Amino acid sequence: MRGWRNAVQETAASKPLFLTIYATVILGTVVSSFYVFSAIYSPTASPTRSISSSWLLAPPLSQNGVSLSSNISQPSQHRSNKLRPIWEAPSRTSKMPRLKSFRLTKELVAQRAKDNVIIVTFGNFAFMDFILTWVKHLTDLGVSNLLVGAMDTKLLKALYWKGIPVFDMGSHISTDDVGWGSPIFHKMGRQKVLLINAILPFGFELLMCDTDMVWLKNPLPYLARYPDADILTSSDQVVPTVVDDRLADWKQVGAAYNIGIFHWRPTPPAKKLAKEWIDMLLADDRIWDQNGFNELVRRQTGPAFDDESGIFYSYDGNLKLGILPESLFCSGHTYFVQALHQQFRLQPYALHTTFQYAGTEGKRHRLREAMVFFDPPEYYDAPGNFVPAVMNHAGGFLSFRPSISKSLLLDGEHNLESHFSLINYQMRQIRSALAIASVLNRTLYEFCHELLVPSSNKSNQGKTIYNLEIHLSKEPMRCVVQVMPPLWCRLDRLWFPHPGALLGSLTRQPFLCPLDHVFEHKSAAESMFRKFLRTQTVILFLSDLGGVNVMLRDLPAEEFGPAINIREYSFLNNPFLPQRVRESWLDVQLCQEGTEDCHASSNTSRPGLLRFPKRSSEET
């Protein structure tokens, strides 16, 4: 203290101006010291909190809701609030927020993004069940950094009340299924590209998906293995280029890059491509979005980015592209026809319902066949009520196990003749199952709205007779619903000429083929099918009955009669099938006419056994 006092006295005796300066410095030092010590020892002070509060300031927004902040990783103000878990619906007593609160903004994306990645799909109300399936698979995998774009207000409201993170795309698209290739379909494709151009400037990585695909495994760790790629895309490649989990060999991929699954990073080359892509589409509405993407990125292919990753240069020579492996990010062909993941003993990440031939109904049926589509509980139960005047039990589901000879499956060449011999034989068995259902409950079809056929296939060498094992549900239902059987094919089906099985593919012959490989659309098919059920006098081969898109379509009852629905062959193996339905089967056995209790009858007792004469006609 004596030293400080002497210094002050000397300064005061010499020059008053310096006294003032010294006094100011000393006073500033004391005040600063007091602030530092109080900040350190105060029980309520938190350096982390005081720093983070500046990050919580909402970035300025432009008039269209796009953030103008250049700091991409800046969290939003609502980021600090706990988000409502997906599937936790808002209280029904609450009021839905105004539509403008659902605008796509950087703030909204930041709320949902994790590790700077957001997963997005979009659609209209016609695809709501696909969207719910898409979300359910991701949340079951523990993935919640997702958003759904609603192209109509009806879908937006429905998703909001189910607790699904949703934003308004402002598209005002029809709520109906627009159909592949239609003008509205192409308009929806342009919305995807607009969406990519809207999200990339926010600075987030974007995994963009179509709604007709499902996630079977969390893809984010796989995508993170390739941080140098600007874009990782799926493809329509059917000839495998790798047999493990590496990226596809880009030099061998000759098929189109498929934009139903692709991952974008917010790099300058990716943003440049997205901008040129949307400019191309808006300048010519005849260009399909996927064709435009392929045209741009294939301007240049190569050289390789390095020797190991599988990434290569494309587009303008600066964009780094990787092609996702065809056995892990599966198309409708590599999954349903070749089953590459099974042959290579791999666990696939994704399934996209391409390479199918029955529209939206066919896509839905394919996913049901794979038991990866989430239906409401009533789908697994036959509709209707018990009708005691009709019978002493009510039918629910009918299933049969067809018998196919070895010669039909394996003998001779795989050609048109052997293929259609096998197909027609299976169709005749399905027709017989319909006839048996009719005999068991002749008057049932006057009340029935659904019909069901087989669930499993069993080859029986050397036998070509109808060895049908029938099961009929005893649940109190008004209808019999028919479960379609698994169908065997000897030849593949494609929309272009081919030799029966694509060269280089791993299509096994014969193979279990999807239902839409066999059933094709025909005019008046639904009407003929329903006439058969009403009159029970019209005898048809199922080749005349039409395709999956007709069989599953909701058509006017006054014109076509009561609706006929089917179930997929895997229906009875689905874990969502209620246990009471599993345990309610009646066995129906074919017997030799004239033996004891061998006659056509619908009288049963629980657990019950029906013995039905072999070679019975529809009339008997």
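Helices and strands here are DSSP runs, with helices of at least four residues and strands of at least two, numbered from the N terminus. With those labels in hand, let's walk through this predicted model.

**Stop 1: the whole chain**

Start with everything shown as a cartoon. The chain holds 19 helices and 22 strands. If you colour by burial, 51% of the 620 residues are buried. Switch to a surface and you are looking at about 29500 Å² of exposed area, 55% of it supplied by carbon and sulfur atoms. Among contacts with a separation of 6 or more, 72% are between residues 24 or more positions apart.

**Stop 2: Pro514 and its surroundings**

Select Pro514, which sits in the loop between strand S19 (511-513) and helix H16 (525-535). Is it buried or exposed? Pro514 has a relative accessible area of 2%, so it counts as buried. Now show the side chains around it: setting aside residues up to four places away in sequence, Pro514 touches Phe336, Arg366 and Glu369. For a distance to draw, try the C-alpha atoms of Pro514 and Trp488, which are 26 residues apart along the chain and separated by 8.8 Å.

**Stop 3: two cis peptide bonds**

Step back along the chain to Pro510, in the loop between strand S18 (487-489) and S19. The peptide bond leading from Gln509 to Pro510 is cis, and its omega is near -5°. Then jump to Pro303, a residue of strand S8 (residues 301-304). Gly302 and Pro303 are also joined by a cis peptide bond, with omega about 5°.

**Stop 4: helix H13**

Two of the contacts of Pro514, Arg366 and Glu369, are among the buried residues of H13, so select that helix next, residues 359-369. How many of its eleven residues are buried? Ten of them are, so H13 is largely enclosed by the rest of the structure. The buried set is Thr360, Glu361, Gly362, Lys363, Arg364, His365, Arg366, Leu367, Arg368 and Glu369.

Continue past the end of the helix to Met371, which follows H13 and has a positive phi near 60°. Met371 belongs to the loop between H13 and strand S13 (397-401). With a relative accessible area of 36%, Met371 is partly exposed.

**Stop 5: Asn116**

For another positive phi in a residue other than glycine, go to Asn116, where the value is near 65°. Asn116 lies in the loop between helix H4 (106-112) and strand S1 (117-123). Its relative accessibility is 30%, so Asn116 counts as partly exposed.

**Stop 6: helices H5 and H6**

Now for helix pairs. Two packed helices are described by the angle between their axes and the distance between the axes. Select H5 (residues 128-140) together with H6 (residues 153-161): their axes come within 11 Å and cross at roughly 35°. This crossing is right-handed. Show side chains for Met128, Ile131 and Leu132 on H5, and for Leu155, Ala158 and Leu159 on H6, to see the residues that make the contact. What kinds of residues make up the contact of H5 with H6? Six are nonpolar, with no polar and no charged residues.

**Stop 7: helices H9 and H10**

Move on to H9 (residues 268-283) and H10 (residues 289-297), whose axes come within 10 Å and cross at roughly 130°. H9 and H10 are therefore oblique to each other. H9 passes H10 in a right-handed crossing. On the H9 side, select Leu273, Glu276, Trp277, Met280 and Leu281; on the H10 side, select Asp289, Gly292, Phe293, Glu295, Leu296 and Val297. Colour this contact by residue type and you will find seven nonpolar, one polar and three charged residues.

**Stop 8: Val243**

Finish at Val243, in the loop between strand S6 (231-235) and strand S7 (257-264). Is Val243 buried or exposed? Val243 is exposed, at a relative accessible area of 53%. Leaving aside neighbours within four places in sequence, Val243 is in contact with Phe344 and Leu346. As a last distance to draw, pick the C-alpha atoms of Val243 and Glu326: these residues are 83 residues apart along the chain, and the atoms are separated by 9.4 Å.

Terms used. Residues are numbered from 1 along each chain as its sequence is written. This is a predicted model: local features need pLDDT of at least 70, side-chain atom pairs count only at pLDDT 80 or more; totals for chains, interfaces and linings use all residues. Side-chain values use heavy atoms; hydrogens and water are left out. Axes are lines fitted to C-alpha atoms, for helices over the stretch in contact, and angles run from 0 to 180 degrees between N-to-C directions. Angles under 35 degrees count as roughly parallel, over 145 as roughly antiparallel, 65 to 115 as roughly perpendicular and the rest as oblique. A crossing is left-handed if the near helix is turned anticlockwise from the far one by less than a right angle, and right-handed if clockwise. Contact means heavy atoms within 4.5 Å. Ala, Val, Leu, Ile, Met, Phe, Trp, Tyr, Cys and Pro count as nonpolar, Asp, Glu, Lys and Arg as charged, and the others, Gly among them, as polar. Buried means under 20% relative accessible area, exposed over 50%, partly exposed in between (1.4 Å probe, protein chains only). Accessible areas come from the Shrake-Rupley method with a 1.4 Å probe; for residues, only the protein chains shown count as cover.
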